[in-house]
Amino acid sequence: MGSSHSSQKKVRVVHLLGSATSAYYEGVSTTLAVGCEQAAQDEETLGKYEFLYAVVHPEGPTWSFPKALDEKSRKAAPRVPHEVGLKTLADLNADVCVPHMFCYPGMTSYRGLMDVLGVPFVGCPVDAMSLSTNKAQTKGVVAAAGVPVAPGEVLRRGEQETTTMEPPFILKPCCEDNSMGITVVHNMNEFQSALAEAFQFDSEVLIEKFIPPGREIRMAVVENEDGEPETILPCVEYFLSKDQPIRTSDDKITTDPKTGLPVGLASGGRQCPADIDPVLQKKMEEATRKAHKALGCRDYSLYDFRVDEAGEIYFLEACLYCSFSPKSVIVSMANQAADPSLQHPQLFHTLINRAAARKQVYDPLQVMQQFGMKAQPQPPRAQPAQESDHHQNNNVVGTARVALGRVLSSATAV
C-alpha cells in the first residue's frame, strides 16, 4: 500500500533524546520520545519520513544510536564516547531534528550542536530556550512586553536569602522543571525549609505572590507559514483545590516508587477545551502572542497562566517544548481543534517540513557577509541549469559533511 510514496525521497528525521545531566531527565526524555515513535507508525508518516535515533546518556556523557526506541533496541545499541557520538551524529546526514531533551544542556547546548551541524530542528531556537529555562528572566522579558505577572523577587544563595514579602507566596527554583523544588509558603515559619528545598535545585530562587483561588490554564500558539503566532489552540485547565493549590511533579510524571525515576506521564485532573468566557479567552490570547514574540519563539510555544477571582491573569512560565507523543500537551490541545490540519499527525508533519525548509544548502559562490554578529539571510542566487540539479546540491552538502566528519575525527584522535 505504500507504493504511492515509493518514488518520493524520504526526509531523514533524527530524534535527539536522553540527558547529559541526570537519570531522571533521561527517563522523562525517553518516555516522551518512545510515545512519539509509537504514534508515528501510520502509513502516511512512514511514507514521508525516515526516522533515526540519537540518545545521550548522562554517564560521560556517552551516546548510542539504536535502530528503534523499543526497550530491546535501546539496550542492544552500543554506547560510544562523546567524541565518537558527535562524529556519528554528523554522519547520519539528517535533514531535520526533533529534539526530546529536557535537561538544561539538552534544551540549549545540544540544540546548538544541531545548528553547528547544519541540521534544522523543530521548535524554538537556542536563545529562546536558554531564556525560558530561567523563570525570573522570562518573567522580566514578558512583563516588559505587557504581559501581566505576579509581584515577586529573586533570592540568591549566599547573597540574598531573606524577603520582605508577606505570605502567602510561592518559592520556585529559577532553573528547574516539572514542579521540582516548588513550595507554597502560608506563614513565615515555613519559609526557611521551603527556601532550602528550592536551593537544592538552583542557586537562584523566584519568590512570587500566590494567586488564589488558583485557576491554572495553559495556552498554546502555532505559527503560520510567515512565522507569525497566529493559531491559538484550545486551552487546558488544570484542576486545583485548597488541599492542592499547585501542580506537583506527581501531577506531571509518574515514577517508579523504588527508584523515583520516570516511567510515564500522569493524566487526569484537567479539561480541554477549558470552560472560559470570551473576555478571559481574549486576555490570554493577547498575552500568549505577546510572550511568543518577546521571547523570540519559533514554530509554537506554550504558557501557563494563573487566574484570580476577578478574572485577572498572571503569567507563570513558558513551556517551549513538545515531543509530539499522544500525551504531549500540544498534541492533546491540537486534537481538540476543528481544523483538520492541526490534528495529529498533520501538525507534526507541518512542523517537520517547515524545519526542513530552513536547511541551508552550501553554496561556494555565495557572497560573504561583511558585517554583523548574526548571519543574515541571503537572496537566492540564480543558478545555471547544470547547477540546479537536486543531486548536485546533495553532493555539495555531502562534501561539507565529510569535511566536518574529518574535523570531528581529528578531535577524537587527540
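1. The loop between strand S2 and strand S3 (62–64) is a good place to begin, for Pro61 lies in it. In this predicted model, the peptide bond that joins Gly60 and Pro61 is cis, with omega at about 0°. A cis peptide bond also joins His344 and Pro345, where omega is about 10°; Pro345 is found in the loop between helix H11 (329–334) and helix H12 (346–357).

2. For the overall setting, the protein has 13 helices and 17 strands, and buried residues make up 48% of its 414 residues. If one takes the contacts between residues at least 6 apart in sequence, 66% of them join residues at least 24 apart, a figure to keep in mind when following the chain from one element to another.

3. Strand S2 (49–57) returns in the second largest pocket, since it is listed together with helix H1 (23–38) and helix H3 (71–76) as supplying at least two residues each to the lining. The lining of this pocket has 19 residues, and those nearest its centre are Glu26, Gly27, Thr30, Arg74 and Arg79. Helix H1 gives the largest share of the lining, 6 residues, and the space that lies in the pocket is about 550 Å³.

4. Glu223, which lies in strand S10 (residues 215–223), deserves a careful look as a charged residue. Which side chain of opposite charge is nearest to Glu223, and how far away is it? The nearest one is Arg354, at 5.7 Å, and Glu223 is buried yet has no salt bridge. The reason is one of distance, because a salt bridge needs a side-chain nitrogen of Lys or Arg within 4 Å of a carboxyl oxygen of Asp or Glu. What the side chain of Glu223 does make is a polar contact with the side chain of His292, at 2.8 Å.

5. The wider surroundings of Glu223 can be read from its contacts, leaving aside neighbours within four places in sequence: these are Glu228, Pro229, Glu230, His292, Cys297, Arg298, Asp299 and Arg354. One of these residues, Asp299, has a backbone feature of its own, in that its phi is near 75°, a positive value in a residue other than glycine. Asp299 lies in the loop between helix H10 (278–295) and strand S16 (300–307), and it counts as buried because its relative accessibility is 2%, where the cut-off for buried is under 20%.

6. Phe324 should be checked in the same spirit, for although it is not a glycine, it has a positive phi of about 60°. Its place is in the loop between strand S17 (313–319) and helix H11. Is Phe324 buried or exposed? Phe324 is buried, with a relative accessible area of 2%.

7. The last point concerns Gln271, whose place is in strand S15 (residues 270–271). With a relative accessibility of 32%, Gln271 counts as partly exposed, because this value falls between the limits of 20% and 50%. Although Gln271 and Tyr238 are 33 residues apart along the chain, their C-alpha atoms are separated by 6.7 Å. Leaving aside neighbours within four places in sequence, Gln271 is in contact with Cys235, Val236, Glu237 and Phe239, while its side chain reaches the backbone oxygen of Pro273 at 3.1 Å.

Terms used:
Residues are numbered from 1 along each chain as its sequence is written. This is a predicted model: local features need pLDDT of at least 70, side-chain atom pairs count only at pLDDT 80 or more; totals for chains, interfaces and linings use all residues. Side-chain values use heavy atoms; hydrogens and water are left out. Helices (H or I, at least four residues) and strands (E, at least two) are DSSP runs, numbered from the N terminus. Buried means under 20% relative accessible area, exposed over 50%, partly exposed in between (1.4 Å probe, protein chains only). Lys and Arg count as positive and Asp and Glu as negative; His and the chain ends are not counted. A polar contact is a pair of N or O atoms within 3.5 Å; within protein, one must be able to donate a hydrogen and the other to accept it, and residues adjacent in sequence count only if both atoms are side-chain atoms. Contact means heavy atoms within 4.5 Å. On a 1 Å grid over the protein atoms alone, a cavity is a set of points where a 1.4 Å probe fits but cannot get out, and a pocket is an open set with protein on both sides within 12 Å along at least five of seven lines; lining residues have an atom within 4 Å of a point. Grid points are joined across faces, edges and corners, and a volume is the space filled by probe spheres set on the points.
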